[in-house]
Amino acid sequence: MKQSRLIGRTLREVPKDAQTAAHALMLRAGFIQQLSAGVYIYLPLLHRTLHKISQIIREEMNAAGGVELLMPALQPRELWEETKRWERYTAVDGIMFAFKDRRGATACLGPTHEEVITDILRREIKSYKDLPRCAYQIQTKFRDEIRPRFGLMRAREFIMKDAYSFDADEAGLDASYEAMRQAYHRICQRLGFQYRAVEADSGAIGGSGSQEFMVLADTGEDTILFCDQCDYAANQEKAQSKLAEFPQDAELQPMQAVLGEGLIGVDKLAKFLNIPVWKTTKTMLYEADDQLVAVMVRGDCGVNEVKVTNHLGCKALRLINAEKIKELTGAEVGYAGPIGLPPSVRLIADHYVKGRVNFECGANQTNYHNINVNFGRDLPEPEFGDFKLAKDGHGCPRCAGRLKAARGIEVGHIFKLGTKYSEAMNCSYVDTEGKPHPVIMGCYGIGVSRMAAACVEQSHDDKGIVWQPQVAPFHLHLVALNLEDAVVAQQAEQIYQRLQQEGLDVLFDDRPLRAGEKFGDADLIGLPVRLTISKRTLEQGKVEFKLRREPKAEVITLDEAVAKTRSVCGLAGR
RNA sequence: CGGAGCGUAGCUUAGCUUGGUAGAGCGCUUGGUUUGGGACCAAGAGGUCGCCGGUUCAAAUCCGGCCGCUCCGACCA
């Protein structure tokens, strides 16, 4: 492609909306433009990269037994009513773009495609002989995110690869899931990511297994935890952890309410009461759908709302507001405790709240804290479960190691779905005895446009993007100087043709600009190889070859440059 | 959803407090000198100051409404 024909000019200054390095670089280098909040134009350079990423994904999906199709983005409400997800996605979470068409029928722009694919397959599958099946598509998805962020990282319209597997039994699902898991690893490896696969929460979607593929980056929106000794790794929503346990008092002390004004925060509180922080207790009040719930965790921990949501089986869980807290506890925020709550409040507690003798908790009275509280004597034992948020420094749940925290960009997520959709939508098959069974499903997503952003996030310097050859929009940047010289211009054109004949993707900077501007743009765009030709190099019968990731250039023959470029870009030699 | 901020030329912005009909840098056009890391000189083009309404002799500026965009919050019990 001739750069004089390219759409998407480079910008010298950083657009003010850019929040991360990758976002700023994509805007400045002419890869994206914002059309509205969380909606981006994919300019030609990015379009080519998206195509290359998609192609790698296709190859791995096909190798894993997937077949590609393309489903409508526009979906009817009725399908979503079948799985009871319409209300959740519109009214509860509000994540779906929904509207009425001219006939008054309600439709939506698909945020995901479980309903549509299940509809297709329930007409396709009759017998166990029709299984397994795995379908995938690469398509634009729409999600009305609460807060679009970081350019392509969290957009409201984005490109996703979604795959769905259909099996007759659990063993089949396991095999399908495993094939996808391996394909995902290969995709991440081929894209050159520094990444980790982590255990993830499968949430209300249900199912028995789920993993996320996280590209490691400080700007990542998710926190992951991994063991420094074994291979345990999980996202924070899912992560379990062990806490240090402490020797307990031999005797129960009398419970007592202590006045301690304005002690917000467990560290201050523990210091004031002269007790260790682990003896303090946080009691958080939530509204779970229309039920009130109090969650107790040890004072040095936070509540993992995902774990609580799963335990309660509720749709929405949110902290209640200050007024309501006062109404329920009779105290200002900060003094809630388990004793004396109205019976309408369901009390649950983290495992590590248990087993403590003479612990502290809020007294449900402003400025008062109960000390020397004990289950059994002062209050009945609540329901126990794993409700705490795992953190850096906690113990590994599998071994004696410690958990470390890191930030990650979720580029892929694989799920065992089970029969949630197949049962709701009656997608079944008959076995060898003619008995019907619901099909067992899995679903597997990759954020294609997010992967492009992750590539830039992981590979850039102060001058611009440093593309990995396999996803770069072009293999090489042919930068021609001295184009006012007719001989140079003609030879540049010939070299451009020759490089293309060699099977290389070439961006030919044929613009009549000064060297500095051209080199600046080349660094910004970040193609793996830069070939410079000028009066000077052509007089020597050579070209200047430079790798984007290396500081130095060398002057070599065109043949050598072609061979080196092919090698750098992983193309077979000729 | 709650809170905050912003909206002036393609981009980055000054001007707004204290009303008097808009200025800069980059980019763009033309001419000239330059020509391997964003050069210089000269002359230009380009703005309904987000939209609607109000106050006023007069509004980018003050007031109200709307729209758009951005940021922050959802460990505090």
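## Where the RNA meets the protein

Helix α13 makes the biggest contribution to the surface near RNA strand B, giving 7 residues. Keep in mind as you look around that this is a predicted model, and that every distance and area below was computed from it.

Which residues of the protein come nearest to RNA strand B? Out of 45 residues around the strand, the nearest are Gln19, Arg147, Leu319, Ser534 and Glu544. On the RNA side, sugar and phosphate make up 44% of the atoms of strand B that come within 4 Å of the protein.

## Three polar contacts to RNA strand B

Three pairs of atoms are worth finding on your screen, and each involves another part of the RNA. For the phosphate, look at arginine 12: a polar atom of its side chain lies 3.1 Å from a phosphate oxygen of RNA strand B. For a base, turn to glutamate 13, where an N or O atom in the side chain is 2.5 Å from a base nitrogen of the strand. For the sugar part, go to glycine 516, whose backbone supplies an N or O atom 3.3 Å from a sugar or linking oxygen of RNA strand B.

Several helices and strands take part in this surface. Those that give two or more residues to the surface near RNA strand B are β1 (32–36), β14 (281–288), α13 (515–525), β29 (529–533) and α14 (535–539).

## The chain as a whole

Stepping back, chain A contains 15 helices and 31 strands. Its C-alpha trace spans about 95 × 65 × 50 Å along the principal axes. Of its 574 residues, 52% count as buried. Among contacts in chain A with a separation of 6 or more, 70% are between residues 24 or more positions apart.

What does the chain show on the outside? About 26300 Å² is exposed, and carbon and sulfur atoms supply 49% of that area. As for charge, chain A carries 74 positive and 77 negative side chains, and the centres of these two sets lie 4 Å apart.

## A look at helix α8

Helix α8 covers residues 305–312, and within it Lys307, Val308, Thr309 and Leu312 are buried. The cover over these buried residues includes β14, β15 (291–298), β16 (317–319) and β17 (345–350). Strand β14 is a link back to the RNA, as it is also one of the elements that give two or more residues to the surface near RNA strand B.

Both ends of α8 have a detail to check. At the start, a side-chain oxygen of asparagine 304 reaches to within 3.0 Å of the backbone nitrogen of valine 306. Just after the helix, glycine 313 has a positive phi of about 70 degrees.

## Two buried loop residues

Histidine 475 sits in the loop between β26 (464–465) and β27. Is its side of the story buried or exposed? Histidine 475 counts as buried because its relative accessible area is 8%, under the 20% cut-off. Apart from residues up to four places away in sequence, histidine 475 touches Lys52, Pro469, Gly503, Leu504, Asp505, Leu527, Pro528, Val529, Cys569 and Leu571.

Glycine 337 belongs to the loop between α9 (322–329) and β17. With a relative accessibility of 0%, glycine 337 is buried too. Its contacts, leaving aside neighbours within four places in sequence, are Thr283, Gly362 and Asn364. To get a feel for distances in the model, compare glycine 337 with aspartate 144: their C-alpha atoms are 37 Å apart in space, and the two are 193 residues apart in sequence.

## Backbone details to check

A cis peptide bond joins leucine 131 and proline 132, with omega at about 0 degrees. Proline 132 lies in the loop between α5 (114–124) and β7 (133–142).

Two asparagines have a positive phi. In asparagine 372, phi is near 60 degrees; this residue is part of strand β19 (residues 368–373) and is buried, at 16% relative accessible area. In asparagine 482, phi is about 55 degrees, and the residue is found in the loop between β27 (476–480) and α12 (486–501). Asparagine 482 counts as partly exposed because its relative accessible area is 27%, which falls between the 20% and 50% cut-offs.

Conventions. Residues are numbered from 1 along each chain as its sequence is written. Chains are lettered from A and ligands numbered from 1 in the order in which they are written. This is a predicted model: local features need pLDDT of at least 70, side-chain atom pairs count only at pLDDT 80 or more; totals for chains, interfaces and linings use all residues. Side-chain values use heavy atoms; hydrogens and water are left out. Helices (H or I, at least four residues) and strands (E, at least two) are DSSP runs, numbered from the N terminus. Buried means under 20% relative accessible area, exposed over 50%, partly exposed in between (1.4 Å probe, protein chains only). Contact means heavy atoms within 4.5 Å. Accessible areas come from the Shrake-Rupley method with a 1.4 Å probe; for residues, only the protein chains shown count as cover. Lys and Arg count as positive and Asp and Glu as negative; His and the chain ends are not counted. The place of a charge is taken as NZ of Lys, CZ of Arg, CG of Asp or CD of Glu. A residue is near a molecule or strand if one of its heavy atoms lies within 4 Å of it. A polar contact is a pair of N or O atoms within 3.5 Å; within protein, one must be able to donate a hydrogen and the other to accept it, and residues adjacent in sequence count only if both atoms are side-chain atoms.
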